[in-house]
Amino acid sequence: EMEVALGAGSHYNMMQGAQAMVQAQLVKDFLQRLFGVDFSNANVPGSLSIVVPESSKSATDDTAPVDFVQGIRALRDGPEGSCAYFLHGLDGDALGPGMSLGSLPSMMSGRVCAVEYDDEAFACESIEALSRLYKSRILQDRAKKQAEDVLLAGRSMGALLACMIALELQKEQIRCSLVTLDSEVIWPSKLDNSFCYDWLGGEVEATLWLSRLAGAKDFVEEQVQSAVTRGHLFDEGASRLQTAAFGQIASNLTAFGVNSLKEFRSICTLASSNCARLRQLLRPTSGSMRAPSGIFDGKVLIVAGEERGQKLRQVASSHCRNISMCTVSTEEVYVGEAATTIANEISWFLRSRSQDRRRKPGPEATPDGKSAREEEALV
């Protein structure tokens with residue numbers, strides 16, 4: 001005897017956040033219907049006790065996230081607040097839309113979405129065309145939600161994309177703000193080449209990229225150092241490297257929905273293809289780098305480790321005026337305390353932005369390295 005439940009989403013996210021609540025409710029209903037399980041019994045598995053009865057939910061509870069626009073994946077849909085859109089990195093979100101963000105989206109308020117690098121995006125012939133496509137999708141989604149404020153966020157090349165889109169929205173006098181996650185708003189990096197292993201080639205580069213993203217910074221640096229100093233260029237291909245990497249990051253990968261070496265290998269293959277294509281778009285038409293073509297006047301929050309924070313601020317100051325800082329541990333993926341810290345800082349950042357509306361017109365001074373919370377206290 002079989003029952004099938006169909007719904008939106010994929011195997012990447014069906015066991016996380018609001019989707020997990022849906023799965024648990026389905027299992028609960030199934031057991032009650034077939035076996036008459038009494039869920040008030042203390043012997044019922046504790047994992048099923050997370051289901052909240054509909055009658056006990058408050059008006060402020062999240063609704064199930066709904067995808068309004070093709071290419072915009074809703075990760076969370078709160079009843080009020082701004083619309084936040086996360087832009088992918090060089091791997092094109094090979095882990096799945098928004099999966100590299102760990103539990104961060106579920107801890108934020110308002111509507112939180114990931115902009116998908118899908119077939120239409122893959123077909124774009126320039127980084128400008130890609131940013132225009134993403135801007136169009138974001139505005140369509142924002143209109144469906146009828147939200148006034150837009151928050152754009154990105155990591156690695158996603159920070160550049162987010163800044164490019166923010167500049168276009170600024171021209172259209174649409175209020176938006178920007179969050180960069182341990183990243184510069186230019187490409188390639190001025191500070192390091194941590195995310196640029198193209199000289200190692202294909203899936204080797206993708207494996208190192210994803211390993212670093214999952215928290216294995218020391219492992220990645222050791223592998224790169226080995227390649228540089230001893231001429232070890234992974235002649236055996238990516239397979240052995242992927243096995244070693246998976247051993248380092250297996251526990252962290254579960255936060256991204258990856259539970260086996262086979263899945264990790266498949267994701268590395270997809271990431272390699274995305275990296276190659278996006279690097280073509282990032283190749284400068286003139287000069288030595290890609291950079292935003294203007295100055296963004298809106299509020300900017302840089303999330304970074306203590307060592308890189310001020311350097312990232314210095315690079316961003318050439319392209320952004322109103323910068324706040326959030327210092328976190330960059331050794332952790334976006335789960336647990338790290339995700340909570342970032343979500344709280346973004347919340348304070350957005351609240352201070354709302355208060356700015358009541359300020360008198362005039363030039364705004366750039367805060368001197370203060371967190372968003374400290375900045376709000378001054379407003």
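**Exercise 1. Find the residue of β3 that is the bridge partner of R73, and describe the surroundings of strand β1.**

Solution. Step 1: the bridge partner of R73 in β3 is A114. The model is a predicted one, in which local features need pLDDT of at least 70 and side-chain atom pairs count only at pLDDT 80 or more, while totals for chains, interfaces and linings use all residues. Residues are numbered from 1 along each chain as its sequence is written, and side-chain values use heavy atoms, with hydrogens and water left out.

Step 2: β1 and strand β3 (residues 111–115) run antiparallel and are joined by five bridges. Two strands pair if DSSP finds at least two bridges between them. Helices (H or I, at least four residues) and strands (E, at least two) are DSSP runs, numbered from the N terminus.

Step 3: six of the six residues of β1 are buried, so the strand is largely enclosed by the rest of the structure. Buried means under 20% relative accessible area, exposed over 50%, and partly exposed in between (1.4 Å probe, protein chains only).

**Exercise 2. Give the strand order of the sheet and state which strands stand at its edges.**

Solution. Step 1: the sheet is open and has seven strands, in the order β1-β3-β2-β4-β5-β6-β7, with mixed pairing.

Step 2: the edges are β1 (72–77) and β7 (320–327); each has a single partner strand, so one side of each lacks a neighbour in the sheet.

Step 3: on average, neighbouring strands of this sheet are turned by 20° against each other, direction ignored. Axes are lines fitted to C-alpha atoms, for helices over the stretch in contact, and angles run from 0 to 180 degrees between N-to-C directions.

Step 4: helix α10 (residues 306–316) packs on the sheet and touches β6 and β7; its direction makes about 175° with that of β7. Contact means heavy atoms within 4.5 Å.

**Exercise 3. Describe the pairing and the burial of strand β5.**

Solution. Step 1: β5 (residues 176–181) pairs with strand β4 (residues 150–154) in the parallel sense, over five bridges. In this pair V150 stands opposite C176, and A153 has V179 as its bridge partner.

Step 2: from β4 the chain passes through helix α5 (residues 157–171) to β5, a right-handed β-α-β crossover. Right-handed means that, with the strands pointing away from the viewer, the path from the first strand over the helix to the second runs clockwise.

Step 3: β5 is also joined to strand β6 (residues 296–304), by four bridges in a parallel arrangement. There L181 stands opposite V303.

Step 4: in a regular strand the side chains alternate between the two faces of the sheet. In β5, C176, L178 and T180 on one side and S177, V179 and L181 on the other are all buried, which leaves both faces covered.

**Exercise 4. Decide whether C176 is buried or exposed, and state how many disulfides the structure holds.**

Solution. Step 1: C176 has a relative accessible area of 7% and is therefore buried.

Step 2: the closest cysteine sulfur to that of C176 is in C163, at 9.2 Å, which is too far for a bond. A disulfide is a pair of cysteine sulfur atoms within 2.5 Å.

Step 3: the structure holds zero disulfides. Another cysteine, C124, is buried at a relative accessible area of 10%.

**Exercise 5. Place F86 in the fold and list its contacts outside its sequence neighbours.**

Solution. Step 1: F86 lies in strand β2 (residues 83–87). The relative accessible area of F86 is 4%, so this residue is buried.

Step 2: leaving aside neighbours within four places in sequence, F86 is in contact with L101, L104, M108, V112, C113, A114, V115, A153 and L181.

Step 3: F86 and G154 are 68 residues apart along the chain, and their C-alpha atoms are separated by 5.5 Å.

**Exercise 6. Check the length of helix α4 against its expected span.**

Solution. Step 1: the expected span of a helix is 1.5 Å times one less than its number of residues.

Step 2: α4 (residues 127–145) has 19 residues and should span 27 Å; its end C-alpha atoms are 27 Å apart, which agrees.

Step 3: the buried residues of α4 include I127, L130, Y134, I138 and D141. Q146, which follows α4, has a positive phi near 55°.
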